[in-house]
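Please open the model in your viewer and keep the selection tool at hand. The tour goes from a single side chain outward to the core, then to a sheet, and ends with the whole chain.

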Amino acid sequence: MESYAVHLAMAALVGASLVAVSAYYMHRKTLTQLLEFAKTVEREREREENSDGGGADSPQQMRKRRGQRRKSGGYYRRGSGSLPDVTAISGGVDGNGMVDGIPAGLPRLHTHPEGKSADHVGSTKRTAIRAVSPKSPVASASAFESVEGSDDEDNLTDNAKAYHANGNAGCDLPNHVTANGEQIAIAASSMIRSHSVSGDLHGVQPDPIAADILRKEPEQETFARLKITPTELPSPDEVEVYVVLQECLELRKRYLFSEAVAPWEREVISDPSTPKPNPEPFFYTSEGKSDHHFEMQDGVIHVYPNKDSKEELYPVADATTFFTDLHHILRVIAAGNIRTLCHHRLNLLEQKFNLHLMLNADKEFLAQKSAPHRDFYNVRKVDTHVHHSACMNQKHLLRFIKSKLRKEPDEVVIFRDGTYLTLREVFESLDLTGYDLNVDLLDVHADKSTFHRFDKFNLKYNPCGQSRLREIFLKQDNLIQGRFLAELTKQVFSDLSASKYQMAEYRISIYGRKQSEWDQMASWIVNNELYSENVVWLIQLPRLYNIYKEMGIVTSFQNILDNIFIPLFEVTIDPDSHPQLHVFLKQVVGLDLVDDESKPERRPTKHMPTPAQWTNVFNPAFSYYVYYCYANLYTLNKLRESKGMTTIKFRPHSGEAGDIDHLAATFLTATNIAHGINLRKSPVLQYLYYLAQIGLAMSPLSNNSLFLDYHRNPFPVFFLRGLNVSLSTDDPLQIHLTKEPLVEEYSIAASVWKLSSCDLCEIARNSVYQSGFSHALKSHWIGREYYKRGPDGNDIHKTNVPHIRVEFRETIWREEMKQVYLGKAIIPREVDR
């Protein structure tokens, strides 16, 4: 068996060897034939080339020619299995750099001569070719490269803006090539960037819509305009409703204070550059005393030309007239037929905007992308409603307290229980050290326990739940004369200046307990030099008469009115009587009313007692406060305007909670209001606020902590319908977590309600309109002609709001006004003064 296996193995080995040897010789024969065939083809090609060239080449020249065939335009050409070889198809490249084989009627394809790089082709200009996405009209991202913190971008001339808008910055203009190979230069004005048409990713074809927008000529913008107007005349019932709405709007015009000379008529802005900051904001110059005389009568100050005259200069509606008109408004908003019509018109406004977005959202986005430098982060945004004592975030306050406890522990800061205490002793009495302090222990952030509990929310102003810490760090009338709060305020000012594009209107309290509060406040501002180009002030009046009455501080409501308004009239007539207050009032732009609106109250009538007669312990109703503050402020503004001084707008809290008559009272008297979420309960008032374009400084995060869940907030509906809304922070100390609370407010709103960049920029633009900043600053922030209605007053280079959106808002508002006024509306060309 063993010998048989050996023989079998030897036979298999010999057979395999024979097969391998035969396969080797067959493969060798095949390779030899292939090589002979290749050599024959090469010799035939060389003979053809020799016959064309008129002579034989040397082997070196032949190798060089083979190398050149493998090169094209200075780089090695790599073949592709999916793309045709243009050189092979056309038969090569001619000496002029043109490719043969192109069909007749098309421009010839330029290639670079052999051996030359693309960067060194005679005098031919370089043209960078960039890939363009189907939805992006811009071939480069240079339009979005913002230079934060620089003033240069705001001072670009119109020529510079046009230069950047055409996308020609940093590269030479390409030359146009005709079918004959001739080069014709194209004017820069006709060079328009285009975007690829969807479905054709490689074809870059001009889009007429993009072209119109990118030319920055608003009159050439093309978009789908809505023409939704009734074909029939209004019915008699509808006419009756419209007449009533007209009367309401005319009532407001009679009450509202309006400057005789508009700011843009008083001060013409000729220099578009950044306004220079005031080098001496607290410098006082004596202006002399005027002969005016004033006296308080039934809660309202009356002004006369002199002490002997009895001719009242600035008459204002009396309380009986106001409450009569207020009850007329309340009857209107309760009428069923008016509610139905207004509800229908509001829904129509909302659907019009949704339809506008369906048709034009892409065009708006395209227009925004074409605006150089601007985006949401570097358009001006004003925090139109924020309380000064809560203007910092909780981490900022914690760091400040720890810093003072470490650096100034022996500073005497408070007088309590008959003793003066240092900062260290205060914390020792609380059994706390700087190491123990953290954000949770500070306990100033609103939580679930504050919902519908305004009293608990106010307690959050006390760090660590201690009123003494609030007095030390968050009050200006304390033993250290508010030094800590002033230093904290300067740090907040510094953060605002660093952000550059965020502004704030801080509301600071005057309580009305004594007349010296005004001088004390002005002294604190002036002595600590609290001034910033990014900040103006509003005065807020807490509605706390009942508390002061119970404490015995006042005897009647008249005392509060005296303490609030008499110093203002004194300093207006004779600035030398309160020089620091005179300087401070230049930075004050508004008057506010604050407190818990949800408290039950009795609705006032035209037979209400006068302020001097109001001696009971009950707090007057909201509208009672509103009238007497409005009437005195109206007279004060008329007097200040006659003397060339700044005026103070009435901008109260209203509609955060409580009765709907709060919003009715402010509809008649207020320039803007804070909150206004209760407008969702009254379609009539909501429609009237839309027609009058009354500003609403809304704070959804604050409402979420106090009165209304975020998802139920009416802000997105108000915005869709075209109400004049802006976003504000209210109380960053209690509400927000980041260093930029206003951006936090915008970002959460954008995420929850899916607001686009155009929406955010429109809201930011509204906030500048609502604010009390000067005409010069508004001109620089949102455009030199911002006061004109519609797209004429919009500058996309500053606001980043497309003219498409502005024109839509203006057109729809005009149509509604014509509808209400039955085609006889008189619409001014400028916004309200």
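Two residues are in contact when heavy atoms of theirs lie within 4.5 Å. With that in mind, and remembering that this is a predicted model, select Phe 667 and display its surroundings: leaving aside residues up to four places away in sequence, Phe 667 touches Cys 248, Leu 249, Arg 252 and Ile 329, and also Leu 685, Leu 688, Tyr 689, Ala 692 and Ile 694.

Next, widen the selection to the largest nonpolar core, which has 176 residues, and in which Leu 245, Tyr 506, Phe 667, Leu 685 and Tyr 689 are those with the most contacts inside it. Colour helix H20, residues 622-642, since the largest share of this core, 13 residues, comes from that helix. Apart from this core lies another, of 15 residues, and to find it you can select Val 382, Trp 781, Ile 782 and Tyr 787, which are among its members.

Now turn to the open sheet of four strands, ordered S14-S15-S16-S17 with parallel pairing. Strand S14 (653-654) and strand S17 (725-727) stand at the edges with a single partner strand each, so one side of each has no neighbour in the sheet. Between strand S15 (residues 672-675) and strand S16 (residues 695-698), which run parallel, there are three bridges; select Ile 673 to find its bridge partner in S16, Leu 696.

Finally, show the whole protein chain, whose secondary structure comes to 30 helices and 17 strands, and of whose 833 residues 48% are buried. Of the contacts between residues at least 6 apart in sequence, 72% join residues at least 24 apart.

Technical notes. Residues numbered from 1 in each chain as written. Predicted model: local features only at pLDDT ≥ 70, side-chain atom pairs only at ≥ 80, totals over all residues. Heavy atoms only, no water. Helix = DSSP H or I, 4+ residues; strand = E, 2+ residues; numbered from the N terminus. Buried < 20%, exposed > 50% of the residue type's maximum accessible area, 1.4 Å probe, protein only. Pairing = 2+ DSSP bridges. Core = buried A, V, L, I, M, F, W, Y, C linked by side-chain atoms within 4.5 Å.
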